[in-house]
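The following exercises ask for a reading of a two-part record, sequence and coordinates. Each task is followed by a worked solution.

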Amino acid sequence: MEACQCEAKWEELDKIIAAHRGRPSDLIEVLHQAQDLIGYLPRQVQVAIAEGLGVSLTEVYSVISFYHHFTVKPKGKYQVSVCKGTACYVKGSPEILERLEKELGIKAGDSTDDGKFSLEVVRCLGACGLGPVMTVNKRAHGLLKPDTAVAVLKQYQ
Amino acid sequence: MSTVKLTIDNIPVEVEAGTTILKAAEKAGIHIPTLCYLEGINEIGACRVCVVEVEGARNLMASCVAPVAEGMVVKTNSPRVRMARRLNVELLLSNHKMECPTCIRNLNCELQSLAQELGIRQVRFEGKKSEYPIDDSTPAIIREPDKCILCRRCVAVCEKVQGVKAIAPMGRGFDTVIAPAFQDKLLDIACVECGQCTLVCPVGALYEKDYTSEVWAALADPEKFVVVQTAPATRVSIGQEFGLPPGSINTGQMVAALRRLGFDRVFDTDFTADLTIMEEGSEFIERFTKGGPLPLITSCSPGWIKFMEHFYPEFIPNVSTCKSPQQMFGAVAKTFYAQKAGIDPAKMVVVSIMPCTAKKFECQRPEMRDSGYQDVDYVLTTRELARMIREAGIDFRNLPEEQYDDPLGESTGAAVIFGATGGVMEAALRTAYELITGKTLPSLDFYDVRGLKGIKEATVDIEGTKVRVAVAHSLGHARQLLERVKAGEQYHFIEIMCCPGGCIGGGGQPIPTNTEIREQRIKGIYQADAEMPIRKSHENPSIQALYREFLGKPLSEKSHHLLHTHYTSRGKY
């Protein structure tokens, strides 16, 4: 089993699980708290949650894989979110995404091997007038073109 | 209970409140096609094949989940309904891996039949197709997600009936796939390989690993001496594959078919079912008189054993050390019989005909080599045997009835009932009672342990001593029973069979296998028992001879070496 970056936080995770022990219906709440704590949901964490709440690992993973918010891979230092909501889409966000994927050498949903960037697609950031929009660690960058999007990334190198 | 009046296709119907439109229509003799629906197990309205038009409602309703209402006017066959059904099935076909002529479920596929029934002659859409690898990691079950239509019947059976939860929907939308967590391989997870998913899969997305080519090769090899054994439950199910009514007893035809396929000896797992009773009955008597550990739990069902090893390893000391009849057969065939018949066991191939997919896993367990060779070489399910019979062009229905070969073909009524839930318990009680008391049982029929009730309990009076027994079938019920035991409930003897109804409802049985068919097969099993001249295992002359000539007595050193085994705690992850 691959090493997880969660050992240091195990005690806190145990506390979260203990507060919901034996309550399968609390699964999503616990997943949120665990991901907030650790940053992602590796297998060991999922097993601990399954055991604690009394659900199967299959159910845990099924829920995680359903919601894009949950991730089983560590996120990069910089979280790049490209909006593909309707307004951004018609103003060219697919080209932005395509270019960023090429630039970073990863697909949306993945992180770079050096742990610096992760890339995801989101639906509407509420800044449609600035479309196409992307955020980097919650800071918005608007009116992008493929070249300017790449230039934005350079700021975070 | 209040009732509701409605009309379906202009036919007035009166049903209990809360009834679904589908059930109400059935009562009125109207067939509504379904696909994802599995009565009592998967009622989720997902596939929308069963849609109907309800007057006053804007949308079509999924009749499998929509309840009836007073004065409802339902149309099951309007142009709008027919168009919607056709469209829904066309959409399923648009991304289906259509290789029907070579698919294992060809001619027994619900998607295929539905497309025919709905008159679909072309698929108007070319969908994007998924490309998942085939998972053939286990010796028993193959997953082929590209054929999956996401009906979730397998998920429901695995969760609700078996309580195993090996597979679930992963991802969402087009990317949804029914799989283990992390899309792990079935081999690496707590799947018990019971094959109930293969019974309910409407298409060819989950099916048994086929070993017919290995068996054909052995049969064609002049160097090999190929013996076959047939499990109790197969004789009341094989006929269904050839259009005979479910539950009809076709023992003689099956023996004849196996001979025509070229097996050198046709033997019966019923013989070693009797042997199991001798060993397990003696084990029970010993534990009962010498203080445990009790309850003793039966060990014939390999799906149950693997389940116990994954989820309840604390019960390992309670589970009988007896190998299953299949494995006892292999060990006896390659030692006692090989010696007696002067056959080199290295050249002997033992094939089993089983109602079960988990038996394929069982025969490959590393500890199942006590004869010095792999005791059982290949396991074929009832379905695979039927395939071989068809391939050989044998007219099964018109075969003459033939007899099993001696001596591993002689058996009793106690052995045949191993095929149904409660049967191992009943067979054990018939023998234990007589061995303990030295008296003849007044009645051989223990009705309390028969039938499809999930958990059955009985108290048997053995000369003043009350023996408390319990019987569970399906792993969901097994789980409930084991939790009762953990909570302090006292039993002396427990029978657990993995599949609903016992082996007659096994994962390797003909498709469909549903509650009605299970009941018919159970009826066949007890009829076969009643027709046997000998109905108690300890009275089987060939078993008596086996002990006299070879094993000594039950639980002897030789018995322990060949007929008993041990278990492994496997963990859940």
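**Domains and conventions**

Chain B is divided into domain 1 (3-93) and domain 2 (213-563), the bounds coming from an automatic or database domain assignment. The model is predicted: local features need pLDDT of at least 70, side-chain atom pairs count only at pLDDT 80 or more, and totals for chains, interfaces and linings use all residues. Residues are numbered from 1 along each chain as its sequence is written, chains are lettered from A and ligands numbered from 1 in the order in which they are written, and side-chain values use heavy atoms, with hydrogens and water left out.

**Exercise 1.** State how far apart the C-alpha centres of domain 1 and domain 2 of chain B lie.

*Solution.* The two C-alpha centres are separated by 43 Å.

**Exercise 2.** Characterise chain A as a whole, from its secondary structure to its surface.

*Solution.*
- Step 1. Chain A holds 7 helices and 4 strands; helices (H or I, at least four residues) and strands (E, at least two) are DSSP runs, numbered from the N terminus.
- Step 2. The order of these elements along the sequence is α-α-α-α-β-α-α-β-β-β-α.
- Step 3. The C-alpha trace of chain A spans about 50 × 30 × 25 Å along its principal axes.
- Step 4. Of the 157 residues in chain A, 46% are buried. Buried means under 20% relative accessible area, exposed over 50%, and partly exposed in between (1.4 Å probe, protein chains only).
- Step 5. Among the contacts in chain A with a separation of 6 or more, 62% are between residues 24 or more positions apart; a contact means heavy atoms within 4.5 Å.
- Step 6. The exposed area of chain A is about 8,400 Å², of which carbon and sulfur atoms supply 52%. Accessible areas come from the Shrake-Rupley method with a 1.4 Å probe, and for residues only the protein chains shown count as cover.

**Exercise 3.** Describe the surroundings of S81(A) in strand β1 of chain A.

*Solution.*
- Step 1. Strand β1 of chain A, residues 78-83, contains S81(A).
- Step 2. S81(A) counts as buried because its relative accessibility is 5%.
- Step 3. Leaving aside residues up to four places away in sequence, S81(A) touches E120(A), V122(A), L125(A), V133(A), M134(A) and T135(A).
- Step 4. With E120(A) there is also a side-chain to side-chain polar contact of 2.9 Å. A polar contact is a pair of N or O atoms within 3.5 Å; within protein, one must be able to donate a hydrogen and the other to accept it, and residues adjacent in sequence count only if both atoms are side-chain atoms.

**Exercise 4.** Examine helix α4 of chain A and helix α4 of chain B: which residues are buried, and what covers them?

*Solution.*
- Step 1. In chain A, α4 (residues 57-66) is mostly covered, with 7 of its 10 residues buried. These are L57(A), T58(A), V60(A), Y61(A), S62(A), V63(A) and I64(A).
- Step 2. The buried residues of α4(A) pack against α2 and α3 (43-53) of chain A, and also against β7 (168-170) and β8 (177-179) of chain B.
- Step 3. In chain B, α4 (residues 153-161) has 7 of its 9 residues buried, so this helix is largely enclosed by the rest of the structure. R153(B), C154(B), V155(B), A156(B), V157(B), C158(B) and V161(B) are the buried ones.
- Step 4. The cover of these residues of α4(B) includes α3 (110-117), β7, β8, α5 (196-200), β9 (206-208) and α15 of chain B.
- Step 5. Just after α4(B), G163(B) has a positive phi of about 60 degrees.

**Exercise 5.** Locate the cis peptide bonds at P407(B) and P512(B), and the positive phi values of D9(B) and S474(B).

*Solution.*
- Step 1. D406(B) and P407(B) are joined by a cis peptide bond with omega of about -5 degrees; P407(B) lies in the loop between α12 (382-391) and α13 (413-416) of chain B.
- Step 2. The bond from I511(B) to P512(B) is likewise cis, with omega near 5 degrees, and P512(B) belongs to the loop between β17 (493-497) and α16 (515-531) of chain B.
- Step 3. D9(B), in the loop between β1 (3-8) and β2 (11-16) of chain B, has phi near 50 degrees. D9(B) is partly exposed, at a relative accessible area of 26%.
- Step 4. S474(B), in the loop between β16 (465-473) and α15 (475-486) of chain B, has a positive phi of about 75 degrees. S474(B) is buried, at 3% relative accessibility.
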